[in-house]
Amino acid sequence: MLDLTPAEWTAVALSLRIAVVATACALPFGIAIGWLLARTNFWGKSVLDGIVFLPLVMPPVVTGYLLLIWFGRKAPIGAFLDSHFGIVFSFRWTGAALACGIMGFPLMVRPIRLALEAIDRKLEDAAATLGANRPWVFLTVTLPLALPGIIAGVVLCFARALGEFGATITFVSNIPGETQTISSLIYTLTQVPGGDAAAGRLVLIAIVLAFAALFASEWLARRASVRFHGE
Amino acid sequence: MLAVDVEKQLGALKLGVRFDAARGVTALFGPSGAGKTSVVNMIAGLLTPDRGAIAIDGTVLFDAARGIDVPPHRRRIGYVFQEGRLFPHLSVRQNLDYGRRMSGRPHEAAEFDRIVALLDIGHLLDRRPRMLSGGERQRVAVGRALLMGPRLLLLDEPLASLDAAHKREILPYLVRLRDDAGIPMVYVSHTAAEVRRIATTVVRLDAGHVVAAGGLELIKDADIDGLD
């Protein structure tokens, strides 16, 4: 059944790599922004809230276009990152990861924020009276208690990154071996005569990966819940 | 010795409390809403007074005039909360060990075993807090506060969330603690019978002010009928 051509395998491996990198890089920001939104009040909080959720409601092509004009090689942020850190996004798989990370970010932040809001702050007070300073309270009480929400956020972001199409293809195009993910390869295959069989195989793989992500999240969430609430 | 002299505006209640607590158990006794919990929260550093000072054995923990406010994690004051507040994601053993780990002190098996035996919680060590009864949970909470090596122990209505049978179960442990551990305690309660069992000194609070301070004679039989 899975008689994939090397080009198709490349696209599958690339998709996984992009989704993993995008999710891993988004996670620290997701926790930080989720914490800011859940726990602090500052001027411009609703603006930040809006910006974070913008990729969810904007057409993905618009997100991709904005990335192109900001993170392109000659664009302000892109040129700066290239000359100072040697980081290039345009037409690279790293750019695809950036696009996927941004598209998945709102889905990651929301459950983390909700989990942080649901934590009983009195437990953090108790930790403080037991000698834990604020970073330790965060690491030993807040983060573990927010774990189910963090897992949910990671899985949603990963799944979104795996399937991202519009922003990625607008920002970094559709280059085999570099930026051609499962989604963009399926798109390519549907544009050529006789590509239906190959497209069908990739569609099947996309479905299997999505299911695997869902099952993994269910399993992890159940394990976390057993740890917290007993058997 | 603990010296408290604090003022704070809490909504409509103007709290102004001044008392000293020496060795033994000092009960903060009074009706609900008298400001008892606010006072212990200020001693623990969880609530900041508007004015005044708090010192323990000559060490200033808070002094509004001098701008001193030692954060709770550096006060070394054990706090047993009304609802226990055990960490649900940690086992009983890890809960008991939390204070020691946070202060970076080495594990002292003898001290651990002594307090576990004192509170009779040895058979619970590998359980999660969710699997404990209310009485067991409060005993673990007392153990957790003791094992951080506190210079003062605050107990905020530690029996209030328990039914009568569990109250009778816990009180002897607290009395034993008072007689054995030698750590000064501040015990918040609105229940006269409880205060009579455990306290050595009584500070009566009403509407945010100390109305009387002294020995157990301050607990009248009328209190027992009226408040129990």
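Here is a short chat about the predicted model above.

Q: Before we start, how are residues and chains labelled here?
A: Residues count from 1 along each chain as its sequence is written, while chains are lettered from A and ligands numbered from 1 in the order in which they are written. This is a predicted model, where local features need pLDDT of at least 70, side-chain atom pairs count only at pLDDT 80 or more, and totals for chains, interfaces and linings use all residues.

Q: OK, how many helices and strands does chain A have?
A: Ten helices and zero strands. Those are DSSP runs numbered from the N terminus: helices are H or I with at least four residues, strands are E with at least two.

Q: And what does the C-alpha trace of chain A span?
A: About 70 × 45 × 30 Å along its principal axes.

Q: Switching topic, how many residues does each chain put into the contact?
A: Chain A gives 18 residues and chain B gives 20 residues. Two residues are in contact if their C-beta atoms, placed from the backbone, lie within 7 Å.

Q: Which elements of chain A give two or more residues to that side?
A: They are α6 (121-129), α7 (134-163) and α10 (196-229) of chain A. α6(A) gives the most, with six residues.

Q: What kinds of residues are on the side of chain A that touches chain B?
A: Ten nonpolar, five polar and three charged. Ala, Val, Leu, Ile, Met, Phe, Trp, Tyr, Cys and Pro count as nonpolar, Asp, Glu, Lys and Arg as charged, and the others, Gly among them, as polar.

Q: Inside chain A, which residues of α2(A) meet α5(A)?
A: Val52(A), Phe53(A), Pro55(A) and Leu56(A) do.
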